[in-house]
Amino acid sequence: MNIHGLKLFYQVATTGSFTKAAELLRISQPAVSSQIKKFEQEIGVQLFKQQGRGVVLTEFGEALAEKAKNLVMLEEHIESFIEDHRLAKAGTIHIVATYLPANFLIPKWATTFKGENEDVNLVITTTNTKDAFEQLIQYKADIAIYGGGILERPEEVAWEELFEDELWFVVAPDHRYANQSISLADMMREPFIMREEGSSMREHLFSLCQTYQVKPPKIALQFNGINETIRSVMAGYGANFISSLAVREYVDSGQLARVYVKDVHIKHKIAICARKNERHSLLVQKFIEIVKNSL
């Protein structure tokens, strides 16, 4: 198969225009049209169809464009890998992370790294677990920093655990259960302030209730953001089940208090994830070393 033709097709598919693709590639529009037609003849499948005065992708064309995207991303990754090795002090690292490490760990790591490598660009994306692994597998990211519970890991992903993060029950300092040891059933009678349905903490809490056959709590207030959730608990209403990374400083300063629930000890894994059997660039190796040295 003509790889050049495939990449040319991808440019037209993503820009939605033969003219725009020609401008980006700095060749004439007739040359683009001619090469696309030749590519269609080579593979024996129509990729574009007429619609009004323009053209749109056929159903097969849409599917091929999605496949071609992986090839283009891989090519860009290889080019970046070569450039990173050549320069060693300049380049870009693409990091994708789930919420907890992105908000409570990576800022410190990134600051330390930039202090030693000021010419390196760090591009950090915060997303959910599923999307983080998809971006890693599709070469949209060099590494993924994951924080969460035990999950089914994709076969393509290599996993290196950094440490475990405890999950805590917290309340306002003047709450009757502050710093007390109680049963899970008693804890679940309290109104809870939680993030939206689908959040990992909420799923953990309800899974915990199911495991111990305890009636789940009433979700009295619901927020989309973790900071709003924490502030509401500090204000004195309800309890929360949350990562210690997010609330440790508030507990240490006395703005929140822990509740010790008997026989409940749940931890999150914090891990660096990469594509299996792939050697890191020198820049990525430097970043990982800084992460490990900070623990």
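A residue counts as buried when its relative accessible area is under 20%, as exposed when that area is over 50%, and as partly exposed in between. The structure described here is a predicted model, and the report applies these classes to several of its residues before turning to its pocket and cavity.

## Buried residues and their surroundings

Glutamine 135 belongs to helix α7, which covers residues 129-137. Because its relative accessible area is 14%, glutamine 135 falls in the buried class. Setting aside neighbours within four places in sequence, the contacts of glutamine 135 are Val96, Thr125, Thr127, Lys140 and Ala141.

Isoleucine 143 is part of strand β5, residues 143-148, and with a relative accessible area of 0% it is buried. When residues up to four places away in sequence are not counted, isoleucine 143 touches His94, Ile95, Val96, Leu136, Cys273, His280, Val284, Phe287 and Ile288. Val96 thus appears among the contacts of glutamine 135 and also among those of isoleucine 143. Isoleucine 143 is also paired in space with alanine 274: their C-alpha atoms are 5.0 Å apart, although 131 residues separate the two in sequence.

Leucine 100 sits in helix α5, residues 99-104, and is buried at 8% relative accessibility. Beyond the residues up to four places away in sequence, leucine 100 touches Leu105, Asp165, Ser243 and His268. Its C-alpha atom is 6.0 Å from that of glycine 147, a residue 47 places away in sequence.

Two cysteines can be added to this group, since cysteine 209 is buried at 1% relative accessibility and cysteine 273 is buried at 0%. Cysteine 273 is one of the residues that isoleucine 143 touches. A search of the whole structure for disulfides finds 0.

## The annotated N-terminal region

An unreviewed UniProt entry lists residues 1-58 as "domain: HTH lysR-type". In the model, the chain over residues 1-58 is 62% helix and 14% strand, with the end C-alpha atoms 19 Å apart.

Glutamine 29 is placed in helix α3, residues 29-43, and is partly exposed, with a relative accessible area of 32%. Apart from neighbours within four places in sequence, glutamine 29 is in contact with Phe18, Thr19 and Ala22. The C-alpha atoms of glutamine 29 and phenylalanine 18 are 6.2 Å apart, for a separation of 11 residues in sequence.

## Positive phi values in loops

Two residues other than glycine are described here for their positive phi values. Glutamine 213, with phi near 55°, lies in the loop that runs between α9 (200-211) and β9 (219-223). Aspartate 263, with phi near 65°, is in the loop between β11 and β12 (267-275). Glutamine 213 is exposed, with a relative accessible area of 75%, and aspartate 263 is likewise exposed, with a relative accessible area of 62%.

## The second largest pocket and the largest cavity

The second largest pocket has a volume of about 180 Å³. It is lined by 13 residues, among which Leu167, Arg258, Val261, Val264 and His265 are the closest to its centre. Strands β6 (157-171) and β11 (257-261) each contribute at least two residues to the lining of this pocket.

For cavities of 30 Å³ or more, the count comes to 1. The largest cavity has a volume of about 80 Å³ and is lined by 11 residues, with His77, Phe81, Asp142, Ser281 and Val284 lying nearest its centre. Helix α4, residues 59-87, gives the most to the lining of the largest cavity, with 4 residues. Val284, one of the residues nearest the centre of this cavity, is also among the residues touched by isoleucine 143.

The table sets out the two linings by residue class.

| Space | Nonpolar | Polar | Charged |
|---|---|---|---|
| Second largest pocket | 9 residues | 1 residue | 3 residues |
| Largest cavity | 2 residues | 4 residues | 5 residues |

In the lining of the second largest pocket, then, 9 residues are nonpolar, whereas the lining of the largest cavity has 2 nonpolar residues beside 4 polar and 5 charged ones.

Methods
Residues are numbered from 1 along each chain as its sequence is written. This is a predicted model: local features need pLDDT of at least 70, side-chain atom pairs count only at pLDDT 80 or more; totals for chains, interfaces and linings use all residues. Side-chain values use heavy atoms; hydrogens and water are left out. On a 1 Å grid over the protein atoms alone, a cavity is a set of points where a 1.4 Å probe fits but cannot get out, and a pocket is an open set with protein on both sides within 12 Å along at least five of seven lines; lining residues have an atom within 4 Å of a point. Grid points are joined across faces, edges and corners, and a volume is the space filled by probe spheres set on the points. Ala, Val, Leu, Ile, Met, Phe, Trp, Tyr, Cys and Pro count as nonpolar, Asp, Glu, Lys and Arg as charged, and the others, Gly among them, as polar. Buried means under 20% relative accessible area, exposed over 50%, partly exposed in between (1.4 Å probe, protein chains only). Contact means heavy atoms within 4.5 Å. UniProt positions are given in the numbering used here, feature names are shortened, and annotations may be inferred rather than shown by experiment. A disulfide is a pair of cysteine sulfur atoms within 2.5 Å.
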